[in-house]
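Open the model in your viewer and keep the selection tool ready. The stops below run from a single residue out to the whole chain.

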Amino acid sequence: MTAEMAFALRETIDYKEIQEIIQKSQTLGADYEKYTLARSYFDVKEYDRAAYFIQDCSHPKVYFLYMYSRYLADEKRKTDNRPDSIGPPKKIENGNLKVLQSELSERHKKKELDGFCLYLYGVVLKKLDFVKEAIDVFVEAVRKEPLHWGAWQEMTRLITDREMMSSLVLPDHWMKQFFLAHLYLELQMNDEAVKLYMRLCSHGFHRSTYIMAQNALAFHNRRAVDQAVSAFESLQKYDPYRLDNMDTYSNLLYVKEMRAELAYLAHRCCDIDKYRMETCCVIGNYYSLRSQHEKAVLYFQRALRLNPHYLSAWTLIGHEFMEMKNSSAAIQAYRQAVEVNRRDYRAWYGLGQTYEIMKMPFYSLYYYRQAHQLRPNDSRMVVAMGESYEKLDQLQEAKKCFWKAHSLGDVEGLALIKLARLYEKLKEEEQAAAAYTEFIYEAAHQGNYSREDQSQAYMFLTNYYLKREMLDEALSAAQKCAEFTETREEAKDMLKEIANLRMREGAQIQEVNVSITDDQLPSGDHTPFSSLPPMNLRFTP
């Protein structure tokens, strides 16, 4: 990421000054040969071998490589010993991590750790669930090495809300702006993130592919699918061999059902590097779109083999198991996704859906609440909570949820019809009529609602007006009912009933008119107007 930013700034920076800084920082003295040898082993992932040859070196840079090699060697062993099947996670032995923590802690007390070793110390503390201590160490790391993006990035995964972010004493460095923008995206504060990225673009980073990708992710988070797809297409033109974030791009193509584009992307990624986890994820999405769920699971598992902490693969493999009706495997996959990142609302939402299918509404409600906390302005979460409350017979809470979902925009168009049915179930006819009328109004203007739902709305309104002898309104609603196959026969009976009532009403008016003599008639200026007053059924809270 920092290399991408440096490339974006290539026309505005003084390279002579940077070269002098680099030369000063690379003076290793007698440790140079050992460092070079260890670095070559490190690059080919022979971590134990790298650590062995530099265990006696004292230079801070070489010491970091020594400790980091030991850490990665332990992580590699855990990955290699991991079972291929999806199941309950085995208890992880953290003995080596505790040894690393002990050694780093001693040096930390003596203030002998540089910014990179502080980063590693923070990672170890985070792995051992010492979250508060890890945050403090990461803050110390970025104060010593503000350009080390890894420390900033690890810190974002531990910050749960804006209040925690405000409490941190961070260095006044331009890298802090990148950190804040990245954190805003993680916390679903997408508008704030986009504003910060726009400001950074105006300060020389307009060519940064990292910022282009982050803006595309912001569109994705806001469910602006067309804008996100367009942003990723622009990114691909500028950086055609990029694989980072292509998994998210493939998710968008999947949602849009753009099969040809997704197939091209899968082939393209495979040509670039078929052993990258993003490539496996793209191919998995392609097979999922073709309803070949077993093949999709296979590729998502390959991605997890490459990186067991790959969030997208855990979430998507959970979706695939849902499609395959394997609820227990789906639950395990979603729980693993939550373990990787507790801020991933998709995993919480997936758990809620799985327990809903298993007819366990108490559990589904809990997980939907967690998803709603992460995405408070997403109507899908609120509708799901309302459905769970309804199944638990907590109808007042369900009403609040459906109304809130409607107020938030109701992405799926389900909240209003569910609210109307709930009012009908509770015998609150005035409110039900208002909700059904609002639903019909929206269906007429947007045109993407179920015909069955519309027919039920018109049928309720027909009965509602008939009870109140509002025959003109009842006739209009019944005629609409006759346009739907689901209610056509019932509508015919109602139209006959309305016709009979109107004939009876007409006969009564004629009898009254005959009984009135000419001298009893009032003047034209005072003729009474006897039609029923119009009822305002626009839905109000």
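Which helix does Arg335 lie in? Select residues 327-340: this is helix α20, and Arg335 lies in it. The model is a predicted one.

**Stop 1: Arg335**

Show Arg335 as sticks. Its relative accessible area is 34%. Arg335 therefore counts as partly exposed, since that class lies between the 20% limit for buried and the 50% limit for exposed. Now add Leu351, Tyr355 and Tyr367. Arg335 touches these three, with residues up to four places away in sequence not counted. For a distance label, pick the C-alpha atoms of Arg335 and Gly350. They are separated by 9.6 Å, and the two residues are 15 apart along the chain.

**Stop 2: Arg143**

Go to another arginine, Arg143. Where is it found? Arg143 is in helix α8, which covers residues 131-144. Arg143 has a relative accessible area of 47% and is partly exposed. Which residues does Arg143 touch, not counting those up to four places away in sequence? Select Val169, Leu170 and Pro171 to see them. Leu170 is 27 residues from Arg143 along the chain, yet their C-alpha atoms are separated by 6.9 Å.

**Stop 3: α8 against α9**

Stay on helix α8 and add helix α9, residues 149-156. The two axes come within 9 Å and cross at roughly 155°. Angles over 145 degrees count as roughly antiparallel, so α8 and α9 are roughly antiparallel to each other. Their crossing is left-handed. To see the contact, colour Ile135, Phe138, Val139, Ala141 and Val142 on α8, then Ala151, Trp152, Glu154 and Met155 on α9. By class, the residues of this contact divide into 8 nonpolar, no polar and 1 charged.

**Stop 4: Phe179 and the core**

Keep Trp152 and Met155 on screen and select Phe179. Phe179 is in contact with both of them, and also with Trp149, Thr156, Ile159 and Leu170, leaving aside its neighbours within four places in sequence. Leu170 was also touched by Arg143 at an earlier stop.

Which residues touch the most other members of the largest nonpolar core? They are Tyr71, Met155 and Phe179, in a core of 174 residues. Select residues 60-80 next. This is helix α5, which gives the most to this core, with 10 residues. In soluble globular proteins, nonpolar side chains tend to be buried together.

**Stop 5: α24 against α25**

Move on to another helix pair. Select helix α24, residues 395-407, and helix α25, residues 415-425. They pack at an angle of about 150°, with axes 8 Å apart. α24 and α25 are therefore roughly antiparallel to each other. The crossing of this pair is left-handed. On α24, the contact is made by Leu395, Ala398, Lys399, Phe402, Trp403, Ala405 and His406. On α25, colour Ala415, Leu416, Lys418, Leu419, Leu422, Tyr423 and Lys425. This contact has 10 nonpolar, 1 polar and 3 charged residues.

**Last stop: the whole chain**

Zoom out and switch to a cartoon view. How many helices and strands does the chain have? The secondary structure comes to 29 helices and 0 strands. Colour by accessibility: buried residues make up 47% of the 541 residues. Then draw a contact map. Among contacts with a separation of 6 or more, 56% are between residues 24 or more positions apart.

Conventions. Residues are numbered from 1 along each chain as its sequence is written. This is a predicted model: local features need pLDDT of at least 70, side-chain atom pairs count only at pLDDT 80 or more; totals for chains, interfaces and linings use all residues. Side-chain values use heavy atoms; hydrogens and water are left out. Axes are lines fitted to C-alpha atoms, for helices over the stretch in contact, and angles run from 0 to 180 degrees between N-to-C directions. Helices (H or I, at least four residues) and strands (E, at least two) are DSSP runs, numbered from the N terminus. Angles under 35 degrees count as roughly parallel, over 145 as roughly antiparallel, 65 to 115 as roughly perpendicular and the rest as oblique. A crossing is left-handed if the near helix is turned anticlockwise from the far one by less than a right angle, and right-handed if clockwise. Contact means heavy atoms within 4.5 Å. Ala, Val, Leu, Ile, Met, Phe, Trp, Tyr, Cys and Pro count as nonpolar, Asp, Glu, Lys and Arg as charged, and the others, Gly among them, as polar. A nonpolar core is a set of buried Ala, Val, Leu, Ile, Met, Phe, Trp, Tyr and Cys residues joined through side-chain atoms within 4.5 Å. Buried means under 20% relative accessible area, exposed over 50%, partly exposed in between (1.4 Å probe, protein chains only).
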